[in-house]
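Work through the exercises below with the model open. Each task is followed by a solution in steps.

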Amino acid sequence: MSGEDQQTPGTDSRPGDDGIRGTALGTAPVPLSVLDLVTVGAGSTATAAVRTAVDLARTAERRGFHRYWVAEHHSMPGVASSSPAVLLAHLAAHTDRIRLGSGGVMLPNHAPLVIAEQFGTLEAMAPGRVDLGLGRAPGTDGATAAALRRTERLHEGADEFPQQLAELTRFLDDDFPDGHPYARIHAVPGPVQATAPGGVQSPHRPPLWLLGSSGFSARLAGTLGLPFAFAHHFSAANTVPALDLYRSSFRPSEVLAEPYALIGVSALAAEDEREARRQVRTGALAMLRLRTGRPGLVPTPEEAAAHHFTDVEQDFVDSWLGNVIHGTPDAVRQGLDALAERTGADELMITANAHTGEVRRRSYDLIADAYGLPQG
């Protein structure tokens, strides 16, 4: 057997990792993962944000986090993650073991064949380490979504997304039935290469995840027997109902015998509570500006501290920060433990919102220390 036929060095082979389910390390109640929005702070650049993403991915890998996802956003100056596949290729070149994926790709923005080709290419770059998380929201405002899709009609309806998902799945598996208009079309890299003379089939295919912040994707993921990721970090009130709906709708599949749900959660740890609150207010101000139609770069802590909030704005910030677990490492650990117990989530995916990458990296290290995760 040649070296190319053997397991690729660097493929994540931690005990219990079947490509979806992770293993809780240290004293963590469930596997811990990272969601990176690749944020750009005031006074910084997208180049610096991408370098920070590499540093954070390496930190997550070194400290035993299970996976590292990036999310698709558009027309937001403070978020440099408009092209998840490009970012993931860069991160794959700078990591060895950690799972990498999209949290998510907004499927209605793209032709399913293009996504199948992109993630087939990523799978070739990092065999056995790639997740394909999919959402049906545009990841932006309506006008930008129309520009992305070159249409004034946004295809997000209950009928269209499942159809797009089914088409993507058939491209990934190369199994359109005879007579289908796409039966002779193949996503490459992909299974069709195994049918060519001398072809060898890759043993891996990126697992599909459905993402959501309401009940639609929860029910669809359950019906299809797929893993589900819920955006608790910006839709906390819907978390428990959505997870309940996912579990009650679940039907076993070739992918999963039982439900598997992760939730995204905003969390930031610092050496003391005051510093943690000073840092998370930058993300709260950035979100306030986004929600009021004024998206910009992530402000500095000084700018956030000096900002004069109206009563309505202060109510928004207080509500937003109420769903951000922040404080000392022990306080954050207790908050994450309580959230895992309350929701029954199978995995927690942490996103740290702060002005600088160093603050975010330090937070992940402190959380890892609080749970006794390995140094790596």
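**Exercise 1. Identify the aromatic cluster, then sort its pairs by geometry.**

Solution. Start with the cluster: Phe 228, Phe 230, Tyr 246 and Phe 250 form one aromatic cluster. This is a predicted model, in which local features need pLDDT of at least 70, side-chain atom pairs count only at pLDDT 80 or more, and totals for chains, interfaces and linings use all residues. Residues are numbered from 1 along each chain as its sequence is written, and side-chain values use heavy atoms, with hydrogens and water left out.

Next, apply the pair rule. Rings of Phe, Tyr and Trp (its six-membered ring) pair if their centres lie within 6.5 Å; planes under 30 degrees apart are stacked, over 60 edge-to-face, and the rest tilted. The structure holds 11 such aromatic pairs. One of them joins Phe 176 and Tyr 182: 5.7 Å centre to centre, with 85 degrees between the planes, so the pair is edge-to-face. Phe 228 and Phe 230 make a tilted pair, at 6.3 Å and 55 degrees.

Now check burial (buried is under 20% relative accessible area, exposed over 50%, partly exposed in between; 1.4 Å probe, protein chains only). Phe 176 is buried at 11%. Tyr 182 is partly exposed at 31%. Phe 228 and Phe 230 are both buried.

**Exercise 2. Find which charged residue lies over the face of Phe 216.**

Solution. Use the criterion: NZ of Lys or CZ of Arg within 6 Å of the ring centre and within 35 degrees of the ring normal. The residue is Arg 136, at 3.8 Å from the ring centre.

**Exercise 3. Test the length of helix α12, then describe its surroundings.**

Solution. Elements are DSSP runs numbered from the N terminus: helices are H or I with at least four residues, strands E with at least two. The protein has 12 helices and nine strands.

Step one: take α12, residues 357–370, which has 14 residues. The expected span is 1.5 Å times one less than the number of residues. That gives 20 Å, and the end C-alpha atoms are 20 Å apart, which agrees.

Step two: list buried positions. Among them are Gly 357, Arg 360, Arg 361, Tyr 364 and Leu 366.

Step three: find the cover, with contact meaning heavy atoms within 4.5 Å. The cover includes β1 (32–36), α1 (46–62), β7 (261–269), α11 (329–343) and β9 (347–351).

Step four: look past the helix. Gly 372 follows α12, and its phi is positive, near 65 degrees.

**Exercise 4. Trace the contacts of Leu 56 across the sequence.**

Solution. Leu 56 sits in helix α1. Leu 56 is buried, at 2% relative accessible area. Leave out residues up to four places away in sequence; Leu 56 then touches Asp 36, Tyr 68, Gly 357, Arg 360, Arg 361 and Tyr 364. Take Arg 360: Leu 56 and Arg 360 are 304 residues apart in sequence and 8.0 Å apart in space, C-alpha to C-alpha.

Now widen the view. Of contacts with a separation of 6 or more, 73% are between residues 24 or more positions apart. Of the 376 residues, 51% count as buried.

**Exercise 5. Locate the unusual backbone angles.**

Solution. Begin with cis peptide bonds. One joins Gly 103 and Gly 104, with omega about 10 degrees. Gly 104 belongs to strand β3 (residues 99–106). Another joins Val 188 and Pro 189, with omega about 0 degrees. Pro 189 lies in the loop between α5 (160–173) and β5 (208–212).

Then turn to positive phi outside glycine. Val 38 has a phi of about 50 degrees. Val 38 is in the loop between β1 and α1, and is buried at 1% relative accessibility. Asp 174 has a phi of about 55 degrees. Asp 174 lies in the loop between α5 and β5, and is partly exposed at 25%.

**Exercise 6. Determine which helix gives the most to the lining of the largest cavity.**

Solution. On a 1 Å grid over the protein atoms alone, a cavity is a set of points where a 1.4 Å probe fits but cannot get out; lining residues have an atom within 4 Å of a point. A volume is the space filled by probe spheres set on the points, which are joined across faces, edges and corners. Three cavities are of 30 Å³ or more. The largest holds about 50 Å³. Its lining includes Ser 266, Ala 267, Val 280, Gly 283 and Ala 284. β7 and α8 (273–291) each give two or more residues. The answer is α8, with three residues.

Conventions
On a 1 Å grid over the protein atoms alone, a cavity is a set of points where a 1.4 Å probe fits but cannot get out, and a pocket is an open set with protein on both sides within 12 Å along at least five of seven lines; lining residues have an atom within 4 Å of a point.
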